[in-house]
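This report is meant for a reader meeting the structure for the first time. Please keep the sequence and the 3D view at hand while reading.

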Amino acid sequence: QTPQDIVREGEQMHHCVGGYVDKVVQNQTYIVFVRNKENLTIPYITAQVHLNGELGQYFLAYDRYISSVEDQEFKHAFQEHLRANWVIE
């Protein structure tokens, strides 16, 4: 909701998403916080969504790539959802 939320996400996840605040504020990209439905308050995955609705960077804490089948399936489903529903203004 705020630039501070993006900075906080980066601090909690130990990655550089805070460096994307200016791009988000300037409407050059979007940042999405993905949470595990078991615990919605704990950061899980941070995703970049390009202006065309395509997923960009998609990382666990410490810039680790997803590896579990469940996470890969969710990422695929999320991308398909974006493709089906993204509206370019």
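The text below takes up a pair of strands, then a helix, and then a residue in a loop.

The model is a predicted one. Strand β1 (residues 30-36) pairs with strand β2 (residues 39-49) in the antiparallel sense over 7 bridges, and the two strands form a hairpin with 2 residues between them. Within this pairing, Val34 has Ile45 in β2 as its bridge partner.

Helix α3 covers residues 69-85, and because each of its 17 residues should add 1.5 Å, a span of 24 Å is expected, which agrees with the 24 Å between its end C-alpha atoms. The buried residues of α3 are Asp71, Phe78, Gln79 and Leu82. Seen down the helix axis, these buried residues of α3 fall within an arc of 95 degrees, so they line one face of the helix. They pack against β1, β2 and β3 (55-59), whereas Val69, Glu70, Glu73, His76 and Ala84, on the other side of α3, are exposed.

Thr29 lies in the loop between α2 (21-25) and β1, and it counts as buried because its relative accessibility is 3%, under the 20% cut-off. Beyond its neighbours within four places in sequence, Thr29 is in contact with several residues, among them Tyr20, Lys23, Val24 and Leu51. The table lists distances that involve Thr29.

| Atoms of Thr29 | Partner | Distance |
|---|---|---|
| Thr29 C-alpha | Gln48 C-alpha | 7.1 Å |
| Thr29 side chain | Gln48 side chain (polar contact) | 3.1 Å |
| Thr29 side-chain polar atom | Val49 backbone oxygen | 3.3 Å |

Along the chain, Thr29 and Gln48 are 19 residues apart.

Note on methods: Residues are numbered from 1 along each chain as its sequence is written. This is a predicted model: local features need pLDDT of at least 70, side-chain atom pairs count only at pLDDT 80 or more; totals for chains, interfaces and linings use all residues. Side-chain values use heavy atoms; hydrogens and water are left out. Two strands pair if DSSP finds at least two bridges between them. Helices (H or I, at least four residues) and strands (E, at least two) are DSSP runs, numbered from the N terminus. The expected span of a helix is 1.5 Å times one less than its number of residues. Buried means under 20% relative accessible area, exposed over 50%, partly exposed in between (1.4 Å probe, protein chains only). The arc is that of the directions from the helix axis to the C-beta atoms. Contact means heavy atoms within 4.5 Å. A polar contact is a pair of N or O atoms within 3.5 Å; within protein, one must be able to donate a hydrogen and the other to accept it, and residues adjacent in sequence count only if both atoms are side-chain atoms.
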